Amino acid sequence: MQLGEVVGTLVSTRKDPKLVGLKFLVVKNLDAEMRALGGYSVAVDTVGAGLGDVVLHVAGSSARMTELTNDRPCDACIMAIVDAVEIDGRYTYEKARDASPTSP
Amino acid sequence: MQLGEVVGTLVSTRKDPKLVGLKFLVVKNLDAEMRALGGYSVAVDTVGAGLGDVVLHVAGSSARMTELTNDRPCDACIMAIVDAVEIDGRYTYEKARDASPTSP
Amino acid sequence: MQLGEVVGTLVSTRKDPKLVGLKFLVVKNLDAEMRALGGYSVAVDTVGAGLGDVVLHVAGSSARMTELTNDRPCDACIMAIVDAVEIDGRYTYEKARDASPTSP
Amino acid sequence: MQLGEVVGTLVSTRKDPKLVGLKFLVVKNLDAEMRALGGYSVAVDTVGAGLGDVVLHVAGSSARMTELTNDRPCDACIMAIVDAVEIDGRYTYEKARDASPTSP
Amino acid sequence: MQLGEVVGTLVSTRKDPKLVGLKFLVVKNLDAEMRALGGYSVAVDTVGAGLGDVVLHVAGSSARMTELTNDRPCDACIMAIVDAVEIDGRYTYEKARDASPTSP
């Protein structure tokens with residue numbers, strides 16, 4: 001599984017019929033220290049990920065194991081939104097808590 | 001899925017019988033910023049892509065999930081023509097609109 | 001199969017339903033000389049690996065061949081804890097023996 | 001699919017029973033400009049390729065989709081002999097025509 | 001398929017039940033000129049390979065196509081011991097003949 005941050009979208013009208021309805025996101029590749037690895041991936045979203053989310057994506061035939069992507073010509077899908085990554089006892093990533101609706 | 005621009009074709013007469021009728025295209029590998037990654041892929045076309053099109057291609061067993069490539073010895077196929085890629089709120093690629101047939 | 005040392009954990013609440021209950025570990029990639037390869041992998045644990053363990057993980061569709069990961073959108077899993085690696089007649093890694101509970 | 005030139009052979013007597021009868025060729029990896037990529041592949045021949053032929057080979061599970069390689073422990077096979085590659089309107093490779101047996 | 005030389009072993013007691021009985025070997029990666037590629041692979045042995053043998057190993061789902069590795073969480077296995085590699089008419093590798101038991 002690869003870590004990344006959702007930074008964009010890709011739109012395609014003419015595509016394989018099995019891809020209709022899928023959403024393609026552009027993901028900036030990150031390592032577990034949240035350093036950019038210098039490249040991007042294009043992956044199908046299966047969990048409602050949004051811009052800025054740190055996500056986990058899966059490649060190859062395993063990317064077809066979600067209900068949305070089953071049997072489709074798709075080799076990368078986002079299947080988890082990351083809350084936290086901890087290495088050697090320190091957080092390298094921690095998702096900001098939702099602002100309380102009653103906070104000033 | 002990988003981005004690329006269709007730049008050429010490959011012709012083969014002597015090949016596995018399951019490949020007869022498939023069209024091989026040469027794709028220049030691009031990243032999501034439309035920068036050349038310094039290499040080419042050879043992929044089977046499944047969507048009628050033409051020279052100059054920016055496309056998405058899929059690798060591995062997922063490349064056999066289209067009707068055309070099902071069960072064939074093919075590990076890369078073009079399954080989408082890209083209309084637009086947007087990163088951090090700006091377009092890194094936007095397909096030119098068809099010139100109106102009546103425009104001067 | 002790839003060697004690595006378990007160095008951290010990854011937590012995700014919003015994920016594909018098939019991933020519920022799986023534990024994601026962060027693994028520092030090592031070569032057979034136990035040198036860091038300069039990157040990390042995220043893999044599902046299937047053998048109760050803990051921080052500091054040197055493990056073997058498997059990638060791609062083979063990562064779905066354990067009872068825990070079968071048919072899930074997971075492309076990397078830890079399926080063995082390493083006791084020893086020997087190259088050219090010398091140990092490059094040997095797991096420390098458990099301290100005897102009665103040792104001083 | 002990867003391009004390459006057949007430059008050699010590999011012989012193995014002791015091997016998995018499912019590999020008996022298959023021919024292993026050594027392929028020099030080329031890009032679509034016919035530049036050496038600096039490495040070799042070992043692939044099973046399924047089309048009668050010979051030394052000097054420019055070929056296309058396929059990797060992973062797709063390499064098992066030919067009649068010869070079906071269900072075998074083989075992850076690369078040559079499944080096409082290339083006649084021509086054209087990029088941006090010029091040929092980067094064109095197979096020499098057979099010399100006519102009656103030509104002077 | 002990848003070339004390599006068997007240089008060591010890996011021992012694991014705590015592992016997936018499907019891996020019990022398999023032998024893990026450490027393989028130094030070689031190219032077809034028998035030059036070290038600067039890394040190691042860990043692969044399951046299926047042909048009785050020993051230290052010093054030059055072998056061919058197979059990756060991904062194809063590594064599960066031997067009788068020993070079928071359906072197991074294993075993504076690399078040795079499935080051939082190499083006798084000879086010939087490139088451009090010269091041997092880059094030739095296995096030494098067994099010393100005759102009666103030779104002086």
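**Exercise 1. Find the residue that Glu86(C) faces across the contact with chain E, and work out how the strands around this pair run.**

Step 1. Start with the pair itself: Glu86(C) stands opposite Thr9(E), a residue of β1(E). Keep in mind that this is a predicted model.

Step 2. Now look at the strands. β7(C) pairs with β1(E), which spans residues 2-11, and the two are antiparallel. Four bridges hold this pairing.

**Exercise 2. Describe the contact between chains C and E: how many residues does each chain give, and what is the side of chain C made of?**

Step 1. Count the residues on each side. Chain C puts in 26 residues, and chain E puts in 26 residues.

Step 2. Ask which elements of chain C supply two or more of these residues. They are β5 (54-59), β6 (76-81) and β7 (84-87) of chain C.

Step 3. Sort the side of chain C that touches chain E by residue type. You get 17 nonpolar residues, five polar ones and four charged ones.

**Exercise 3. Lay chain C on chain E and say whether the copies use the same or different surfaces.**

Step 1. Turn chain C by 72 degrees with a shift of 0.0 Å along the axis, and chain C lands on chain E with an RMSD of 0.0 Å.

Step 2. Check how far the contact residues overlap. Just 12% of those of chain C recur in chain E, and the copies use different surfaces.

**Exercise 4. Work out what kind of axis relates chains A and C.**

Step 1. Superpose chain A on chain C: the rotation is 72 degrees, the shift along its axis is 0.0 Å and the RMSD is 0.0 Å.

Step 2. Read off the symmetry. The two copies are therefore related as by a five-fold rotation axis.

Step 3. Compare the surfaces. Here 12% of the contact residues of chain A recur in chain C, with the copies using different surfaces.

**Exercise 5. Take the contact between chains A and C apart, down to one facing pair of residues.**

Step 1. Chain A brings 26 residues to this contact, and chain C brings 26 residues.

Step 2. On the side of chain A, at least two residues each come from β4 (54-59), β5 (76-81) and β6 (84-87). By type, that side holds 17 nonpolar, five polar and four charged residues.

Step 3. Zoom in on β5(A). Two bridges join it to β2 of chain C (residues 14-15), and these strands run antiparallel.

Step 4. Pick out the facing pair: Ala80(A) stands opposite Lys15(C), which sits in β2(C).

Definitions and conventions: Residues numbered from 1 in each chain as written. Chains lettered and ligands numbered in written order. Predicted model: local features only at pLDDT ≥ 70, side-chain atom pairs only at ≥ 80, totals over all residues. Least-squares fit on C-alpha atoms with pLDDT ≥ 70 in both. Contact = placed C-beta atoms within 7 Å. Nonpolar A, V, L, I, M, F, W, Y, C, P; charged D, E, K, R; others polar. Pairing = 2+ DSSP bridges.
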